Amino acid sequence: MTRFNAEFSSLPDDIMKLIRQVRAAINHITGKRISTSSLQFRLTLELLVLSILALSSVAFWAGWQRSQNLVGAHKKTLEYIGIRFPEQVELYSEMGSLEIGLTRSVHKASTGGIMVWVKRNDGMLLVNSPDMDLQSSKITKMISLTEVPAEPTFVRVGDRYLVICSRTLRIKNELLGTVYFSQDITDEQRQLNDGIRSLIVVSIVVILVLMLAIASRIRHALHPLEHMSQVASTLSADNLQAAKLQLHQAPDEILGLAQTFNEMLFRLSGSWEQQRQFVGNVSHELRTPLTVVVGYLQSLLRRSTNLSDYQQQALETAVGETERTIRMLEDLLDLARADSGNLHFRLNPVILNTLVAEVAQMSQKVSNRKIILVSTDDDVVACADQDRLQQVLINLVDNAIKYSAPEQPVELVLEKREQQVMIHVGDRGIGISLSHQNRIFERFYRVDESMTRSRDGTGLGLAIAKSLIEGMEGRITLRSKPGEGSIFTITLPVWNPQL
């Protein structure tokens, strides 16, 4: 059994190596790296471990059973010969001398690879099987064994596997010595070991196939959850109404989760729509009284000859804050109109060379900052609303100036492609980290950079810019890297008079 147990001693290491190899194979097949903390990997590993334990138990039991059957058959043979040997010696001794009886009994028992030898109590060899080569070191080593159990036992001598036992030899109540029986089962044991190795190889192949099959099935079973995650990651306030999970042939548990998810989206959509209506209504209702308030405040400032410096400063602060609030309400009204589809655009041919140059000149004059304009000699004509596009460009240039150092210039680059025109507004300022770039166009979203960001903004400028550009059938994108600056790109369709 020593060799049999040795075959299984290295199996756990082989299995762990197999797990690593198959994990790499699954990563290659699926085209993506599987995280060790993912549900797919954990379920695959747990089912694989259970499969390995089951197959290993079957393989171990089968090998052990075959080994027991092999050794057990030879043990019974030696036990039967050992019981009959003294009777045969007595029988043959009656036909001649004791020496002849021993010799004939040993020769008769030495069949089928069985070796027999008899020693006196002083260790002297009396007789042995005729096919035993006493010059062989292996035979000499076997004969020299002094402690041989009476019950047939499986032992290993050198590279040979033997079943050996011994019995005290008494003839007519006279102690002659000890008789030893040995049967070489090396060939059978090696065949058994080869079978065990083949069984291990087959088990490993089965484990490999099981792992791939389990991983594939689990990945297929978890696909609805992956789809749900993708839908959730792309959700925004603009597509809540259209977003809906469509799962077919999914398990009942996942279908129930998908239904709950869709109901949640419906409730969120309704809440968001109510919020939009509320903001629009409140903004509209507040703008008129605030306009009246700022009018009276400005009138007081014009007649403030008898006011103290403190009162004068307080009035100026009140006027400034009221005007800022009115601008924010106007921005909210623009967003509300865009959400409801009531924000109308006058799409006409716009010569961008002239518009961009005017924005650069005006911004440079107001801010005393250097604005670098990169344009083309050919006229670049886009299909846009000139006033709203100018509003967006001024907002982007103002942001670029606000979030970059005074000595750093702001760049305005005009570019034309086949059916599109692009306006790049770039700065070399603080930049925006990747985690914030996906949300920078959301309403009221502001990057928490208290040391560098101004507190004057409302967080609506970029959201309005996105709504206005998309209303002109264009798009606005951002490329930024912290510490190196940001580039906002406006893409608009080229004016086509044939349409």
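Three short exercises with worked solutions follow.

This is a predicted model, in which local features need pLDDT of at least 70, side-chain atom pairs count only at pLDDT 80 or more, and totals for chains, interfaces and linings use all residues. Residues are numbered from 1 along each chain as its sequence is written, and side-chain values use heavy atoms, without hydrogens and water.

**Exercise 1.** State which strands stand at the edges of the open sheet of five strands.

*Solution.* Strands are DSSP runs of E, at least two residues, and helices are runs of H or I, at least four residues, numbered from the N terminus. Two strands pair if DSSP finds at least two bridges between them. The order is 2-1-5-4-3, with antiparallel pairing. Strand 2 (125-128) and strand 3 (153-157) each have a single partner strand, so they stand at the edges.

**Exercise 2.** Find how strand 3 is joined to strand 4.

*Solution.* Strand 4 covers residues 160-171. Strands 3 and 4 run antiparallel, and five bridges join them. Take Val155: its bridge partner in strand 4 is Leu162.

**Exercise 3.** Decide whether Asn368 and Glu473 are buried or exposed.

*Solution.* Buried means under 20% relative accessible area, exposed over 50%, partly exposed in between (1.4 Å probe, protein chains only). Start with Asn368, in the loop between helix 10 (352-367) and strand 7 (371-374). Its relative accessible area is 69%, so Asn368 is exposed. Glu473 sits in the loop between helix 13 (461-471) and strand 11 (475-481). Its value is 62%, so Glu473 is exposed. Now look at phi. Asn368 has a positive phi of about 55°, and Glu473 one of about 65°.
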